[in-house]
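Reader: I'd like a close look at one spot in this model, a single side chain and whatever sits around it. Could you walk me through it, and then zoom out to the chain it belongs to?

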Amino acid sequence: MVSFIGGESVSPEVDVEDATELSGVWSVVVLNDPVNLMSYVTMVLKRVIGMSQSEAETHMMEVHELGRSVVWTGEREKAEAYLYQLQEWHLTAILEKNEPSA
Amino acid sequence: MSRQLEFRLDADAIRPLVAHVMNLIDSAQDELLAPNAPPVEDELMSGFWSQDLLSSQRKDIAAISELFDDDFLESGKATVDEEDVDLVLRGCAAIRLKIRETTLSKFSDHSLERGELDQAEFGNEERDAYGAYILFASLQELIISQMDP
């Protein structure tokens, strides 16, 4: 629970909303692109996410055949770090928030 | 001791391809080449994100410029040091993205991905662009096969 006692011109609602918005579990998703080579995508997944060769190949094939693959899930901060590195390697990648199932 | 990868190409055959790429490089300094968006809506943070990526991309492209410098165009011989491998691999990807979105934009993803292009229909510029597109893919394959652990 987050609560504020006293204080003058703070904006607790905004901070709480932001924190809530960014909390939870996030997925790093690699999207297919027609340019990057399969061997290159595999190598990048090994280098950035730390996958084994066979794991990286499985995800690479998923990207190739299904158009997307969730390559990592976890907290927002680390997801952003992975996303940045994947984009730095010129892969197309996005973050998605995992909504709790009803 | 740091490893090096040396390769030799026919400089006369490669020269027009490199010339085509160098023309594209100039216009690739100020735009991100992969179709990515920052993960945040905040304008300031998005700006930082994109600027950092752009700065990284410029280094990648600079590595390609250095690789295919005047010495290479004279001798056909180029060397990639182990510590520059990442830059060169990323630079190849960036340039292939740029070629795809410019000179080869009229071709479908499917035909490019499968190499099903009728090269008889190419103009000079498209021929050079496609040659460079294949050259940089081959260079990536070579580096990955030799240096990826």
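Author: Here is a walk from one arginine outwards, with a short stop in the partner chain at the end. Bear in mind throughout that this is a predicted model.

Let's start with Arg100(B). You'll find Arg100(B) in helix H4 of chain B, the helix that covers residues 85-101. Is Arg100(B) buried or exposed? Its relative accessible area is 11%, and the cut-off for buried is under 20%, so Arg100(B) counts as buried.

So what is it touching, once we leave aside the neighbours within four places in sequence? Within chain B, Arg100(B) is in contact with Ser105(B), Phe107(B), Ser108(B), Asp109(B), Leu112(B) and Tyr133(B). The list also crosses over to chain A, where Arg100(B) meets Pro34(A) and Val35(A). Tyr133(B) deserves a second glance: 33 residues separate it from Arg100(B) in sequence, yet their C-alpha atoms are 8.0 Å apart in space.

Now zoom out to the chain around that arginine. Chain B has 6 helices and 2 strands, and they come in the order β-α-α-α-β-α-α-α along the sequence. Its radius of gyration is 16 Å, close to the 15 Å that the globule rule gives for 149 residues, so chain B is as compact as a globular protein of that length. If you prefer a box, the C-alpha atoms fill one of roughly 50 × 45 × 30 Å along the principal axes.

Arg100(B) has company in being buried: buried residues make up 44% of the 149 in chain B. Of the chain B contacts with a separation of 6 or more, 79% are between residues 24 or more positions apart. On the outside, chain B exposes about 8,000 Å², with carbon and sulfur atoms supplying 47% of that. As for charge, chain B carries 13 positive and 32 negative charges, and the mean positions of the two sets are 3 Å apart.

Finally, a word on the partner, since Arg100(B) touches chain A. The mean pLDDT of chain A is 86, and 79% of its residues reach 70 or more. Confidence there is highest in strand E2 (residues 68-74), at a mean of 98, and lowest in helix H1 (residues 12-22), at 61. Over residues 1-8 of chain A the pLDDT is below 50, and that stretch has 2 contacts in the model beyond near neighbours in sequence.

Technical notes:
Residues are numbered from 1 along each chain as its sequence is written. Chains are lettered from A and ligands numbered from 1 in the order in which they are written. This is a predicted model: local features need pLDDT of at least 70, side-chain atom pairs count only at pLDDT 80 or more; totals for chains, interfaces and linings use all residues. Side-chain values use heavy atoms; hydrogens and water are left out. Helices (H or I, at least four residues) and strands (E, at least two) are DSSP runs, numbered from the N terminus. The radius of gyration is taken over C-alpha atoms; the globule rule is 2.2 Å times the number of residues to the power 0.38. Buried means under 20% relative accessible area, exposed over 50%, partly exposed in between (1.4 Å probe, protein chains only). Contact means heavy atoms within 4.5 Å. Accessible areas come from the Shrake-Rupley method with a 1.4 Å probe; for residues, only the protein chains shown count as cover. Lys and Arg count as positive and Asp and Glu as negative; His and the chain ends are not counted. The place of a charge is taken as NZ of Lys, CZ of Arg, CG of Asp or CD of Glu. pLDDT is the predictor's confidence in each residue, from 0 to 100.
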